[in-house]
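Colleague: Could you take me through one part of this model closely, namely the place where the two domains meet? I would like a connected account rather than a list.

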Amino acid sequence: MRPAPPHIAYADGIIEILDQTRLPSEMVVVKLRSVQRVIDAIRGLKVRGAPAIGIVGAYGMCIAARAAGGVARNADDFFKVLDDAGRAIGAARPTAVNLTWAIEKMKRHGREVSATGQGVVQLVAALEEMARSIHADDAATCRAIGDAGASLLPTGAVVYTHCNTGTLATGGYGTALGVVRSAWNAGFLKHVFVGETRPMLQGARLTAWELVRDGIPFSLVTDSMAAALMRRGEISAVVVGADRIARNGDVANKIGTYGLALSASAHELPFYVAAPISSIDVGIASGSDIFIEERDGIEVLEFAGVRIAPAEARAANPAFDVTPAALISAIVTEMGVLRPPFEPAIIAASAGGSATSALT
Ligand code: MRU
């Protein structure tokens with residue numbers, strides 16, 4: 001098996017990404033040299049998954065900072081370019097909070113460094129260091145999430161997962177797929193069911209690609225098979241990722257997650273969400289305040305690029321849905337496993353985990 005190139009890399013003002021729209025057929029590395037190309041890559045799903053777009057967004061801010069450094073006459077000019085770039089990159093995919101989280105972190109860091117009187121060259125270097133640390137921290141965070149989540153699973157576990165939450169979607173290792181990896185490495189995972197994840201097939205194309213490469217046994221199923229598998233007693237737990245978690249524990253994630261949670265609840269199966277603290281938006285009280293990205297209907301009218309619906313057909317295409325906290329058994333973060341009632345646990349974990357009674 002040909003080794004995969006790094007899925008996200010950055011050097012000298014150029015981001016390299018493994019184009020996720022071309023997987024699994026071919027491994028194509030795309031170079032992004034401008035803010036507009038970063039926006040296009042994020043919107044076009046060449047890079048996707050909440051933490052991964054946060055990382056690429058942060059590197060995109062480095063590209064913006066280099067460009068600003070060439071034209072800005074003063075700090076105000078510099079930060080105006082940075083703010084505009086941040087707004088444009090953030091709007092590329094509005095549901096995943098990790099993107100705006102990373103952009104805000106970059107902007108804050110830039111202003112702090114600027115306040116110490118550093119020149120543009122030092123400022124750009126400091127921003128690049130910050131983006132690299134967001135990248136590296138996410139990979140480390142995923143390991144912690146994976147290990148914490150695996151401890152929730154029984155021996156011989158059969159996990160159902162949705163979308164792609166693996167290496168490709170993160171700094172490395174994955175969130176829900178990190179849980180799968182840690183359980184497999186610990187020897188108590190038996191099998192994974194992977195939902196294909198219509199309309200863009202992240203499960204069929206990307207999660208399957210990652211699991212094949214890891215040698216983890218799995219079956220690919222259509223999304224409509226999940227409830228029947230649960231009814232037949234073939235699933236031990238459902239583990240999914242998150243794009244934005246509200247303060248009360250409601251979770252926005254890939255469309256289809258809510259249906260899985262309802263099915264899991266009807267069959268009295270645990271439903272776990274695995275996500276970094278950077279996916280939590282404490283500023284949002286509940287899921288009804290989460291903006292859901294609506295994508296082009298062509299994604300539904302076609303299957304893998306081939307038109308399947310009549311020419312006259314129109315489609316709705318909400319990319320995400322909201323699963324109410326009441327259907328979630330636990331939220332697994334790098335700070336530990338959060339249990340209901342989620343609100344105090346989420347507030348404590350987001351503040352640095354001091355209120356440990358809320359964490360297990
Ligand atoms: O539209 P996508 O592929 O970016 O959606 C991805 C998901 O919904 C993932 O579950 C989520 O971003 C978590 S990835 C660790």
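Modeller: What follows is a walk across the interface between the domains and on to the ligand. Please keep in mind that this is a predicted model, and that the domain assignment of the protein gives domain 1 as residues 8-142 and domain 2 as residues 146-350. The C-alpha centres of the two domains lie 26 Å apart, and where they meet, 28 residues of domain 1 are in contact with 36 residues of domain 2. Between them domain 1 and domain 2 bury about 2500 Å², of which 56% is on carbon and sulfur atoms. On the side of domain 1, the residues that lose the most area to domain 2 are Arg 48, Thr 95 and Cys 142, which together account for 27% of what that side buries.

Turning to the polar side of the interface, there are 16 residue pairs in polar contact between domain 1 and domain 2, counting pairs with both residues at pLDDT 80 or more. As for the elements involved, α2 (50-71), α4 (97-115) and α5 (120-150) each give two or more residues to the side of domain 1 that touches domain 2, and the largest share, five residues, comes from α5. By residue type, that side of domain 1 divides into 16 nonpolar, eight polar and four charged residues.

Side chains of opposite charge can pair when their charged atoms come close. Across the interface of domain 1 and domain 2 the rule finds one salt bridge, while the structure as a whole holds 18. Arg 93 forms a salt bridge with Glu 293, and the closest N and O atoms of this pair are 3.0 Å apart.

Arg 93 also leads us to the ligand, since an N or O atom in the Arg 93 side chain is 2.7 Å from an oxygen atom of the ligand. Arg 48, already named for the area it loses to domain 2, likewise has a polar side-chain atom 2.6 Å from an oxygen atom of the ligand. In the case of Ala 50, a polar backbone atom is 2.9 Å from an oxygen atom of the ligand. Around the ligand there are 17 residues, and those that come nearest are Arg 48, Arg 93, Asp 243, Asn 253 and Lys 254.

Definitions and conventions. Residues numbered from 1 in each chain as written. Predicted model: local features only at pLDDT ≥ 70, side-chain atom pairs only at ≥ 80, totals over all residues. Heavy atoms only, no water. Domains from an automatic or database assignment. Contact = heavy atoms within 4.5 Å. Buried area = accessible area lost by both parts, 1.4 Å probe. Salt bridge = Lys/Arg side-chain N within 4 Å of Asp/Glu carboxyl O. Polar contact = N/O pair within 3.5 Å; in protein donor to acceptor, adjacent residues only side chain to side chain. Helix = DSSP H or I, 4+ residues; strand = E, 2+ residues; numbered from the N terminus. Nonpolar A, V, L, I, M, F, W, Y, C, P; charged D, E, K, R; others polar. Near = heavy atom within 4 Å.
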